[in-house]
Amino acid sequence: MANLNNIEYLIISYLKGNISSKELAMLKVWVAESAEHQLVFDQMREIWMVAKVSDKDFEFDCKKAFAAFREKVNEQAKRDKHKTLTIPYQWVAAVALIFIISGFFLFYLGTVQQKEEVFAYQEIIVPYGARSNVKLPDGSNVVLNAGTTLRYNNGFGKKNRNLWLDGEGYFDVHKSETPFVVHSGTVQIKALGTAFNVRAYASENKIETTLVEGKLAINDLDENNKSKGEIILLPNQKLVIAEKVDSVNLVEDKDKQLAQEKRLKKTKEQTKQEKIDPLPDISWKNNEWVIYRESLADLSKRMERRYDVQVVFQDKELMAYRYTGTLRNESLEQVLEAMTLVSPIRFKVEGKKVLFSENPGFNIKTNQ
């Protein structure tokens with residue numbers, strides 16, 4: 001089982017938007033282990049969001065907050081029982097939110113001048129196999145795809161129009177002088193009045209922004225929250241910001257012997273596409289599914305969210321097959337059957353699991 005420090009590191013990396021795909025997989029496994037672990041994650045995310053929004057210059061130190069909390073509890077334990085308590089991690093997270101907001105966080109607020117109210121948050125979670133249409137307090141409309149979380153504070157539409165997105169959303173923005181900003185990881189997407197689609201699932205390590213109407217200004221922030229350079233999108237343009245992880249060899253001299261060590265280096269690659277057809281990126285909101293040269297690897301992720309299933313590849317080579325077509329209200333079985341007609345795959349559905357394997361007789365059948 002992962003220890004406390006490792007989990008804190010993984011959650012903090014996730015919240016800062018610099019978690020690797022391997023670390024994200026570890027975090028997902030840990031969160032899925034129990035409802036208590038899910039509570040830990042939700043509470044730490046809540047603490048981070050409260051601290052971040054209350055002061056843009058404030059960098060929340062999660063470890064310091066938890067250390068302060070443990071120290072306070074241990075002091076009380078010494079007075080009551082003359083011994084130090086070992087605090088279960090899930091219990092720490094459940095209570096820490098109350099402690100940090102009322103104690104540690106308010107102590108911080110006392111060191112700065114004229115701080116405004118601490119915002120409460122509205123969070124919308126769309127499960128797999130569903131979509132949600134939401135009218136925001138400012139009059140804007142957003143359609144949220146399956147597996148998406150959208151969050152905004154109670155000042156939205158009054159003092160700001162900031163939202164935090166993990167997943168996919170189509171935004172039809174009400175015009176206003178207050179900038180409409182979608183935050184996802186380190187990326188900020190700003191619009192005054194426009195229609196656009198953002199696909200930003202944390203598990204995919206890339207953010208795709210497709211503009212339909214209006215104008216967007218997109219900034220990717222570095223570790224010091226400074227922009228790496230603003231990118232402007234016009235209608236029928238798309239920007240993809242993808243995280244790449246490269247292996248770097250390090251050579252160190254230890255005890256007069258050379259030892260090689262590999263370290264992962266994260267870089268980001270920005271790709272701006274012009275004169276695109278936005279339909280494949282936005283068709284999902286109208287209960288259609290327009291597919292254009294999409295690999296089965298990417299398609300399977302969409303299938304998992306759309307139909308609330310888990311896709312398992314028994315033959316990894318199948319992931320490279322590409323598909324083009326339009327689906328509407330087809331069931332999962334209808335989609336799978338259609339795929340077997342145009343590619344050498346076969347499938348098996350076991351509950352909520354779809355198994356893909358190679359169909360070696362595909363060419364023989366089609367040539368008969």
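**Figure 1. Buried residues of helix 7 in the predicted model.** Leu296, Ala297, Leu299, Ser300, Arg302, Met303, Glu304, Arg305 and Tyr307 are the buried residues of this helix. Helix 7 is thus listed as mostly covered, with 9 of its 12 residues buried. The helix takes in residues 296-307, and at 1.5 Å a residue its 12 residues should span 16 Å. The C-alpha atoms at its ends are 15 Å apart, which agrees with that expectation. Just after helix 7 comes aspartate 308, with a positive phi of about 55 degrees.

**Figure 2. Surroundings of serine 300.** Serine 300 is part of helix 7. Its relative accessibility is 6%, and because buried means under 20%, serine 300 counts as buried. A polar atom of the serine 300 side chain lies 2.7 Å from the backbone oxygen of alanine 297. Leaving aside neighbours within four places in sequence, serine 300 is in contact with Val311 and Phe313. Val311 and Phe313 belong to strand 15, the subject of the next view.

**Figure 3. The two faces of strand 15.** In a regular strand the side chains alternate between the two faces of the sheet. Strand 15, residues 310-313, shows such an alternation. Val311 and Phe313 point to one face and are buried. Gln310 and Val312 point to the other face and are not buried.

**Figure 4. Strand 18 and its partners, strand 15 and strand 17.** Strand 18 covers residues 353-358 and runs parallel to strand 15, to which 4 bridges join it. Within this pairing, valine 311 has valine 354 as its bridge partner. Strand 17, residues 345-350, is joined to strand 18 by 6 bridges, and these two strands run antiparallel. Here valine 349 stands opposite valine 354. Strand 17 and strand 18 form a hairpin with 2 residues between them. In the turn, glycine 351 has a positive phi of about 65 degrees.

**Figure 5. The largest nonpolar core.** In soluble globular proteins, nonpolar side chains tend to be buried together. The largest nonpolar core of this model has 29 residues. Leu136, Phe171, Phe180 and Phe196 have the most contacts inside this core. Not counting residues up to four places away in sequence, leucine 136 touches Val142, Leu150, Tyr152, Phe156, Leu163 and Phe180. Apart from this core lies another, of 19 residues. Phe313, Leu327, Met339 and Phe356 are among the residues of that other core.

**Figure 6. Aromatic pairs around phenylalanine 171.** The structure holds 6 aromatic pairs. The rings of phenylalanine 171 and phenylalanine 180 have their centres 5.9 Å apart and their planes at 65 degrees, so this pair is edge-to-face. Both phenylalanine 171 and phenylalanine 180 are buried. Phenylalanine 171 also forms a stacked pair with phenylalanine 196, at 5.2 Å centre to centre and with 20 degrees between the planes. Phenylalanine 171 lies in strand 5 (residues 162-172) and phenylalanine 196 in strand 8 (residues 195-200), so the pair ties together parts that are 25 residues apart in sequence. Phenylalanine 171 and phenylalanine 196 are both buried. Ring pairs link Phe171, Phe180 and Phe196 with Tyr152 and Phe156 into a cluster.

Key:
Residues are numbered from 1 along each chain as its sequence is written. This is a predicted model: local features need pLDDT of at least 70, side-chain atom pairs count only at pLDDT 80 or more; totals for chains, interfaces and linings use all residues. Side-chain values use heavy atoms; hydrogens and water are left out. A nonpolar core is a set of buried Ala, Val, Leu, Ile, Met, Phe, Trp, Tyr and Cys residues joined through side-chain atoms within 4.5 Å. Buried means under 20% relative accessible area, exposed over 50%, partly exposed in between (1.4 Å probe, protein chains only). Contact means heavy atoms within 4.5 Å. The expected span of a helix is 1.5 Å times one less than its number of residues. Two strands pair if DSSP finds at least two bridges between them. A polar contact is a pair of N or O atoms within 3.5 Å; within protein, one must be able to donate a hydrogen and the other to accept it, and residues adjacent in sequence count only if both atoms are side-chain atoms. Rings of Phe, Tyr and Trp (its six-membered ring) pair if their centres lie within 6.5 Å; planes under 30 degrees apart count as stacked, over 60 as edge-to-face and the rest as tilted.
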